[in-house]
Amino acid sequence: MPPSSHVTSMPLPAEVKSHHTVWVRTETMHPVPVRYSVDSDRLVCFGDGQVRDVPSGTRVWASVHEIAHGPPLVSFPALLRQVDADAVDTNAVVELLDHISLGRTSTEVARALDAHRHRRILELVPLT
């Protein structure tokens with residue numbers, strides 16, 4: 001559903017800052033796990049994979065769990081919004097990629113980071 005002009009965002013829940021996976025669902029999509037990082041006061045993730053077809057501006061439901069199938073620590077409605085890759089701190093991008101090898105040398109790592117910056121990047125804006 002398109003965003004409303006009356007959308008009010010809220011700060012990130014405290015539980016978000018100490019985990020790496022958020023489950024995202026839309027009205028028509030089952031919950032899918034998405035790796036995220038926190039960039040200052042926003043939750044960012046890559047917008048490919050299972051969320052590639054979700055358009056920017058879509059309202060979603062997000063939840064963070066201690067373990068994948070345990071009860072949610074926090075759940076919240078959010079606005080999924082595409083952001084410019086250059087507006088995301090490099091450390092946040094590195095954290096998104098923490099589970100894969102970027103290379104052995106600084107040149108290899110810089111090249112890999114540059115390649116990943118061309119991916120679609122989204123933020124999940126918590127809504128009230």
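This report describes the fold, the nonpolar cores and several individual residues of a predicted protein model.

## Overall fold

The protein holds two helices and six strands, and read from the N terminus these elements follow the order β-β-β-β-β-α-α-β. Five strands therefore precede the two helices in this order, and one strand, β6, comes after them.

The C-alpha trace extends about 45 × 35 × 25 Å along its principal axes. A compact globule of 128 residues would be expected to have a radius of gyration near 14 Å, and because the protein has 15 Å, its value agrees with that expectation. Of the contacts with a separation of 6 or more, 66% are between residues 24 or more positions apart.

## Surface and charge

Of the 128 residues in the protein, 43% are buried. The accessible surface amounts to about 7,400 Å², and carbon and sulfur atoms account for 52% of this surface.

As for charge, the protein carries 12 positive and 15 negative side chains, and the centres of these two sets are 3 Å apart.

## The nonpolar cores

The largest nonpolar core of the protein consists of 21 residues, and Val 16, Val 22 and Leu 124 are those with the most contacts inside it. At least two residues of this core come from each of the strands β1 (21-25), β2 (32-39), β3 (42-46), β4 (58-65), β5 (72-83) and β6 (121-126). The greatest contribution is that of β5, which supplies four residues.

Another core lies apart from this one and has 13 residues, including Val 83, Val 88, Val 93 and Ile 121.

## Two leucines of strand β6

Leu 124 is found in strand β6, and with a relative accessible area of 1% it falls under the 20% limit and is therefore buried. When neighbours within four places in sequence are left aside, the contacts of Leu 124 are Val 22, Val 24, Leu 43, Val 60, Ala 78, Leu 79 and Leu 80. Pro 71 is 53 residues from Leu 124 in sequence, and the two are 20 Å apart in space, C-alpha to C-alpha.

Leu 122 also has its place in strand β6, and because its relative accessibility is 0%, Leu 122 counts as buried. Not counting residues up to four places away in sequence, Leu 122 touches Leu 43, Val 44, Cys 45 and Gly 47, together with Val 51, Leu 80, Arg 81, Gln 82 and Val 83. Leu 122 and Ser 56 are separated by 66 residues in sequence, while their C-alpha atoms are 7.8 Å apart in space.

## Cys 45 in strand β3

Cys 45 belongs to strand β3, and its relative accessibility of 2% is why it counts as buried. Beyond its neighbours within four places in sequence, Cys 45 is in contact with Val 34, Arg 35 and Tyr 36, with Leu 96, and with Arg 120, Ile 121 and Leu 122. One of these partners, Ile 121, is also a member of the core of 13 residues, and another, Leu 122, has Cys 45 in its own list of contacts.

Asp 114 is 69 residues away from Cys 45 in sequence, and from C-alpha to C-alpha the two are 16 Å apart in space.

## Two exposed loop residues

Ser 40 sits in the loop between β2 and β3, and its relative accessible area of 66% is over the 50% limit, so Ser 40 is exposed. Although Ser 40 is not a glycine, it has a positive phi of about 60°. Most residues other than glycine have a negative phi.

Glu 27 is placed in the loop between β1 and β2, and because its relative accessibility is 67%, Glu 27 counts as exposed. Ala 110 lies 83 residues from Glu 27 in sequence, and the C-alpha atoms of the two are 38 Å apart in space.

Notes. Residues numbered from 1 in each chain as written. Predicted model: local features only at pLDDT ≥ 70, side-chain atom pairs only at ≥ 80, totals over all residues. Heavy atoms only, no water. Rg over C-alpha atoms; globule rule 2.2 N^0.38 Å. Buried < 20%, exposed > 50% of the residue type's maximum accessible area, 1.4 Å probe, protein only. Contact = heavy atoms within 4.5 Å. Areas by Shrake-Rupley, 256 points an atom, 1.4 Å probe, with all protein chains shown as cover. Lys, Arg positive; Asp, Glu negative; His and termini not counted. Charge placed at Lys NZ, Arg CZ, Asp CG, Glu CD. Core = buried A, V, L, I, M, F, W, Y, C linked by side-chain atoms within 4.5 Å.
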